[in-house]
Amino acid sequence: MKKILASLTLASMIAASSAYAGLYVGAQGGVSHSSSELNADNNVTTGFLVGYQFSVFPLLKLGVETELNYLNSTVKLNNQTGDLMTIPFYATANLSLPLGLNLTAKAGYAYNHISGVDENVFPNTLWRPAVAIGMGYQILGFNIFFQSSRYFLYNRGEQPFADAYTFGVSYEF
């Protein structure tokens with residue numbers, strides 16, 4: 001009887017953790033930080049996201065996602081301060097763990113637009129790699145998450161980057 005009960009409990013945990021697959025939308029906010037080449041301090045970041053994922057195995061989901069993120073005062077060069085708007089296009093992998101926990105990894109390319117800085121100082125439009133990792137808690141269709149993102153801004157032999165550390169919530173339909 002104990003084995004049957006344990007098996008049913010495990011099966012229900014797996015089924016509960018893999019219950020969602022499909023379209024999701026969300027919002028996030030937190031702080032951003034730039035590499036030393038960009039001379040910026042920690043600042044506010046906000047963003048919205050939309051994606052689609054599908055189950056590969058009961059605990060693994062793969063998908064695609066895009067975000068619209070605004071990183072305030074990310075670039076400070078030659079007495080000019082620039083803000084970064086980034087739109088990453090990610091391939092995603094989500095591993096569902098027991099008790100509603102989940103881990104997410106994202107990799108892709110991002111359209112980056114820097115406003116407020118002269119084009120001669122730093123390019124205003126860049127397509128560069130972007131990556132992110134996150135951890136979340138799934139409850140009633142909502143995923144409450146923490147995400148760490150890095151946007152690579154390679155420029156003229158330098159390798160500057162911008163990081164964003166955000167908390168957010170998404171809802172799966």
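Two strands count as paired if DSSP finds at least two bridges between them. With that in mind I went to E6 and E7 in this predicted model: 10 bridges join the two strands, and they run antiparallel.

**Entry 1: around the E6 and E7 hairpin**

I picked one position to look at across the pair, and found Gly-136 opposite Phe-145 in E7. Then I checked the turn. The hairpin of E6 and E7 has 2 residues between the strands, and Leu-140 takes a positive phi there, near 50 degrees.

Next I looked at the pairing of E6 with E5. That pairing is antiparallel too, over 13 bridges. I noted Lys-106 here, whose bridge partner in E6 is Ala-132. I kept that lysine in mind for the next entry.

**Entry 2: salt bridges**

How many salt bridges does the structure hold? I get 3.

I started with Lys-106. Its salt bridge with Glu-65 has the closest N and O atoms 2.6 Å apart. Glu-65 sits in strand E3 (residues 60-77) and Lys-106 in strand E5 (residues 101-115), so this pair links distant parts of the chain, 41 residues apart.

Lys-106 also meets Glu-67 in a salt bridge, at 3.3 Å from N to O. Glu-67 lies in strand E3 as well, so this pair ties together parts that are 39 residues apart in sequence.

Are these residues buried or exposed? Glu-65 has a relative accessible area of 5% and Lys-106 one of 9%. Buried means under 20%, so both count as buried. Glu-67 is buried too.

I then put the pieces together: salt bridges that share partners join Glu-65, Glu-67 and Lys-106 into one network. As a reminder to myself, side chains of opposite charge can pair when their charged atoms come close.

**Entry 3: Arg-150 and Asp-163**

The other salt bridge I wrote down is the one between Arg-150 and Asp-163, with the closest N and O atoms 2.7 Å apart. Arg-150 is in strand E7 (residues 142-152) and Asp-163 in strand E8 (residues 161-172), and 13 residues separate the two. The pair also turns up as a polar contact of 2.7 Å between the side chains.

Which partner is buried, and which is partly exposed? Asp-163 is buried, with a relative accessible area of 4%. Arg-150, at 28% relative accessibility, counts as partly exposed, because the buried class stops under 20% and the exposed one starts over 50%.

I looked up what else surrounds Asp-163. Leaving out residues up to four places away in sequence, Asp-163 touches Val-31, Ser-32, His-33, Leu-71, Ser-149 and Arg-150.

**Entry 4: the nonpolar core**

Last stop was the largest nonpolar core, which has 18 residues. Which members touch the most other members? Phe-122, Tyr-151 and Leu-153 do.

I also checked where the core residues come from. E3, strand E4 (80-96), E5, strand E6 (125-139) and E8 each supply at least two of them. E3 and E5 are also the strands that carry Glu-65 and Lys-106, while E8 holds Asp-163.

I followed Leu-153 a bit further. Not counting residues up to four places away in sequence, its contacts include Leu-38, Leu-84, Phe-122, Leu-126, Pro-160, Phe-161 and Ala-162. Asn-112 and Arg-128 are among the residues Leu-153 touches as well.

Key. Residues numbered from 1 in each chain as written. Predicted model: local features only at pLDDT ≥ 70, side-chain atom pairs only at ≥ 80, totals over all residues. Heavy atoms only, no water. Salt bridge = Lys/Arg side-chain N within 4 Å of Asp/Glu carboxyl O. Helix = DSSP H or I, 4+ residues; strand = E, 2+ residues; numbered from the N terminus. Buried < 20%, exposed > 50% of the residue type's maximum accessible area, 1.4 Å probe, protein only. Core = buried A, V, L, I, M, F, W, Y, C linked by side-chain atoms within 4.5 Å. Contact = heavy atoms within 4.5 Å. Polar contact = N/O pair within 3.5 Å; in protein donor to acceptor, adjacent residues only side chain to side chain.
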